[in-house]
Amino acid sequence: MRFTVLSDATVLQQEIEVEQEHVDRVYARLTVLRRDASRAEKEGYQLAGVGTFGALVERDAMVFHAARRRHALDTEHEGLVFGRLDLNTGATHYVGRMGIRDDNSRPLVVDWRAPAAAAFYRATPADPLGVVRRRMIQSSGERVTGIEDDLLDPEAAPDDMRIVGDGALLASLSKATGHGMRDIVSTIQREQDDAIRSPASGVTVVTGGPGTGKTAVALHRAAYLLYADRNRFAGGGILVVGPSGVFVNYIATVLPSLGEDTATLRSLGSLVPGYDATRVDPTDVAAIKGSLRMRRVLERASHDAVPDAPSELRLLYRGTLLRLTRGDLDRIRRAALPRGARRNEARGSGFDRVFNELWSQARQAKVSGLPEKPDFEAELADRNDFREFLKRWWPRFTPMRVLRWLADPARLRAYTQGLLSKDEIARLQGSFDALAEHGPTIADVALLDELDELMGRPRQASKKSKNPFHVHDGVQEVSTFADRQAAAYAQRGVREEDYREYAHVVVDESQDVSPMQWRMVGRRGSYASWTIVGDPAQTAWSGDLEELDRARERALGSRKRNSYALTTNYRNSSEIFAVAASVIRVIMPDLPLPTAVRSTGVDPVDVVTDEVRLPALVRELAEKQLADVDGTIGVITPVPRRDEMAAWVDGLPERVQVVTALEAKGMEYDAVVLVEPGSLTKDPAGIRTLYVALSRATQRLTTIGTDPAWLP
């Protein structure tokens with residue numbers, strides 16, 4: 001063998017010093033680029049009053065782009081260089097978060113998204129793609145702190161090549177996760193990279209079990225698309241939809257760490273402007289609210305009479321009583337609101353029909369001095385009592401106002417008649433009672449969006465775009481081309497509150513998106529390409545699976561599908577995943593499961609206790625994990641008892657994070673304390689949720705509860 005695998009600390013330090021020399025060159029160049037950009041910008045403003053117009057425009061354009069470059073360099077400062085490729089041609093490429101060239105235009109760092117960096121993720125011993133050694137470089141600030149090598153082509157290795165460590169991927173898996181999602185840009189493997197670099201058009205579908213990196217793939221794909229076609233995807237926007245606010249906060253730092261801060265991150269509970277729902281319905285209630293049958297229920301509600309609206313209109317006009325009964329008003333409302341009509345948009349039609357009815361009565365009564373119809377309508381419109389009647393009879397509706405009507409048992413029964421069973425109506429009854437005090441649940445947000453679609457919105461006068469350089473009437477601020485370009489880019493990045501023309505939509509944990517939620521997400525992606533990631537085995541959906549498939553396919557449309565399956569579990573140790581696998585096999589014995597690639601030698605621990613000792617033991621176990629691992633500890637609780645159990649560990653360091661079994665989806669922790677796992681084994685949906693909770697830990701798993709029978 002012509003190479004040596006080394007573990008000696010002295011040799012390791014020598015190799016670190018080699019990489020430190022290159023990293024120092026990169027940061028020195030970074031300083032020069034930043035200084036040059038600042039100088040160019042400053043000189044551009046100084047020259048604003050001299051030279052030809054063409055020269056000034058050219059200089060200002062340079063200033064603008066230099067300022068953008070400086071911002072990017074500032075953003076990518078931390079851990080800028082993370083990889084090295086030694087090729088069989090003798091060339092060496094350093095891979096990092098963005099591309100950097102020296103003053104002779106030779107590459108010091110290759111952007112991870114560039115084709116030249118693809119081999120860093122795609123090369124394997126079976127197909128090295130010309131790579132002899134792949135090295136992961138670990139840094140803190142500007143200092144190299146560690147390196148790990150993969151030798152991919154031993155036959156091509158030169159005599160003096162030194163191989164350090166056990167390999168980049170497994171080394172990265174042993175690191176603490178911290179508070180945000182682990183940045184795996186330096187350890188993406190080939191099957192993940194295939195999905196990341198999937199064609200930009202159509203629908204990219206990524207499936208995989210726990211720990212296979214689905215979320216990381218989705219986010220790195222968003223960054224890759226922005227790099228590959230920035231005009232399209234930054235201009236139109238990328239929307240990333242996650243299952244919960246906890247999850248969105250968890251992934252919030254990933255895209256900025258990759259140099260991308262233009263994507264919009266939303267949870268299913270915050271996708272509709274004005275709402276940020278965190279409350280969760282019981283599984284059976286969520287299944288009813290998520291069913292497409294609810295659309296017909298909401299349509300009936302949106303066409304119904306307003307509670308406490310006037311039951312009749314009595315109007316004394318020039319000595320004659322004009323009267324519209326309840327039956328008349330209902331008939332007018334139904335005529336103005338045929339099926340498919342949108343209530344807020346049909347408001348004017350309803351008012352016109354009231355005027356017509358009153359005009360007809362006045363003519364039949366031969367009112368003395370009856371004016372022409374336009375004047376008649378003007379007289380009525382000037383009367384406060386008549387205007388007040390119209391406002392109460394046909395107000396401007398908000399989705400929340402109509403959804404609250406379903407809290408009335410009589411109305412709920414009327415709207416659901418023939419659509420829901422008596423048992424479903426009974427389970428739904430009372431679920432809307434807390435809307436006024438506590439706001440909507442996550443499932444309710446999709447219903448509110450549907451009501452918004454059903455009722456439409458009143459017309460509003462269009463707002464003129466504000467000129468950012470306007471100072472006073474007839475006076476504008478002196479500006480350069482760079483100013484105007486910056487303002488144009490800023491204006492393009494400002495989207496309306498309920499923007500619905502995204503260029504790309506990413507849906508994470510897609511297996512949990514209900515049919516009604518697919519309709520909600522689909523409205524934002526009518527013109528978009530899509531990335532859909534999920535795992536059917538982790539779904540909490542307990543409703544009709546065929547209906548779910550139809551709703552998803554309708555949202556995605558006829559776009560071409562590109563499917564990828566991730567088969568390697570990088571998160572869990574084999575000991576931890578064996579427990580999770582035994583649970584899901586109970587209901588899905590033939591399910592293909594990912595392979596856990598590492599072993600820690602530490603088996604999960606199951607603690608059985610009673611209700612009295614449970615609080616103290618949960619705290620004790622959380623404290624033990626603080627000593628055993630350096631990263632985060634997730635205390636995963638049943639949904640109804642989250643606040644109660646959070647109080648048990650109150651006061652512990654913030655590394656201890658309390659989440660429900662549903663909020664834990666997509667998350668990972670160095671250690672997990674799972675409380676009362678037996679409460680999740682009542683039905684298949686609960687078992688799937690338990691499977692999710694058991695597969696969140698990277699290093700330690702402890703389960704504790706009062707029911708010892710949950711383990712298969």
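**Close-up views of a predicted model**

**View 1. R383 pairs up with D385.** With 24% relative accessibility, R383 counts as partly exposed; that label covers everything between buried (under 20% relative accessible area) and exposed (over 50%), using a 1.4 Å probe and protein chains only. D385 comes out at 42%, so D385 is partly exposed too. The two form a salt bridge, and their closest N and O atoms are 3.1 Å apart. Here a salt bridge is a side-chain nitrogen of Lys or Arg within 4 Å of a carboxyl oxygen of Asp or Glu. You're looking at a predicted model, where local features need pLDDT of at least 70 and side-chain atom pairs count only at pLDDT 80 or more, while totals for chains, interfaces and linings use all residues. Residues are numbered from 1 along each chain as its sequence is written, and side-chain values use heavy atoms, leaving out hydrogens and water.

**View 2. R642 reaches E663.** Another salt bridge sits here, with N and O 3.9 Å apart. R642 belongs to helix α26 (residues 642–648), while E663 is in the loop between β23 (656–660) and β24, so this pair ties together parts that are 21 residues apart in sequence. Helices (H or I, at least four residues) and strands (E, at least two) are DSSP runs, numbered from the N terminus. Which of the two partners is buried, and which is partly exposed? R642 has a relative accessible area of 26%, so R642 is partly exposed. E663 has 18%, so E663 counts as buried.

**View 3. Here's a whole network of charged residues.** Salt bridges that share partners join twelve names into one network: R295, R342, E345, D449, E450, D452, E453, D498, R500, R519, R523 and R524. Try picking them out one by one in the structure.

**View 4. R411 and D304 link distant parts of the chain.** The structure holds 50 salt bridges, and one of them brings together the side chains of R411 and D304, at 2.7 Å from N to O. R411 is in helix α17 (residues 409–416), D304 is in the loop between α11 (293–302) and β12, and the two are 107 residues apart. R411 counts as buried because its relative accessibility is 14%.

**View 5. V306 and P395 meet in space.** V306 lies in the loop between α11 and β12. Its relative accessible area is 7%, so V306 is buried. How many residues separate V306 from P395 in sequence? They are 89 residues apart in sequence, yet 8.5 Å apart from C-alpha to C-alpha.

**View 6. P338 and H303 make another such pair.** Look for P338 in the loop between α12 (326–336) and α13 (347–364). P338 has a relative accessible area of 43%, so P338 is partly exposed. Its C-alpha is 8.7 Å from that of H303, and the two are 35 residues apart along the chain.

**View 7. G634 sits beside V672.** G634 is part of strand β22 (residues 633–637). At 0% relative accessibility, G634 counts as buried. The C-alpha atoms of G634 and V672 are separated by 4.7 Å, though their positions lie 38 residues apart along the chain as the sequence separation.

**View 8. R318 and E676 have positive phi values.** Why is that worth a look? Because most residues other than glycine have a negative phi. R318 isn't a glycine, but its phi is about 50°. R318 is in the loop between β12 (313–317) and β13 (320–324), and with 43% relative accessibility it counts as partly exposed. E676 has a phi near 50° and belongs to the loop between β24 (669–675) and α27 (684–694). E676 counts as buried, because its relative accessibility is 7%.

**View 9. D24 helps form a negative surface patch.** The patch is made of E17, E21, D24 and E142. Patch members have over 30% relative accessible area and no salt bridge, and like charges are joined within 9 Å. D24 is in helix α1 (residues 9–46) and counts as partly exposed at 37% relative accessibility. Q20 is in helix α1 as well, but its relative accessible area is 6%, so Q20 is buried. A polar contact of 2.8 Å joins the side chains of Q20 and D24; such a contact is a pair of N or O atoms within 3.5 Å, where, within protein, one must be able to donate a hydrogen and the other to accept it, and residues adjacent in sequence count only if both atoms are side-chain atoms.

How values were computed. Patch = residues over 30% accessible without salt bridge, like charges linked within 9 Å, V, L, I, M, F, W, Y side chains within 5 Å. Areas by Shrake-Rupley, 256 points an atom, 1.4 Å probe, with all protein chains shown as cover. Lys, Arg positive; Asp, Glu negative; His and termini not counted. Charge placed at Lys NZ, Arg CZ, Asp CG, Glu CD.
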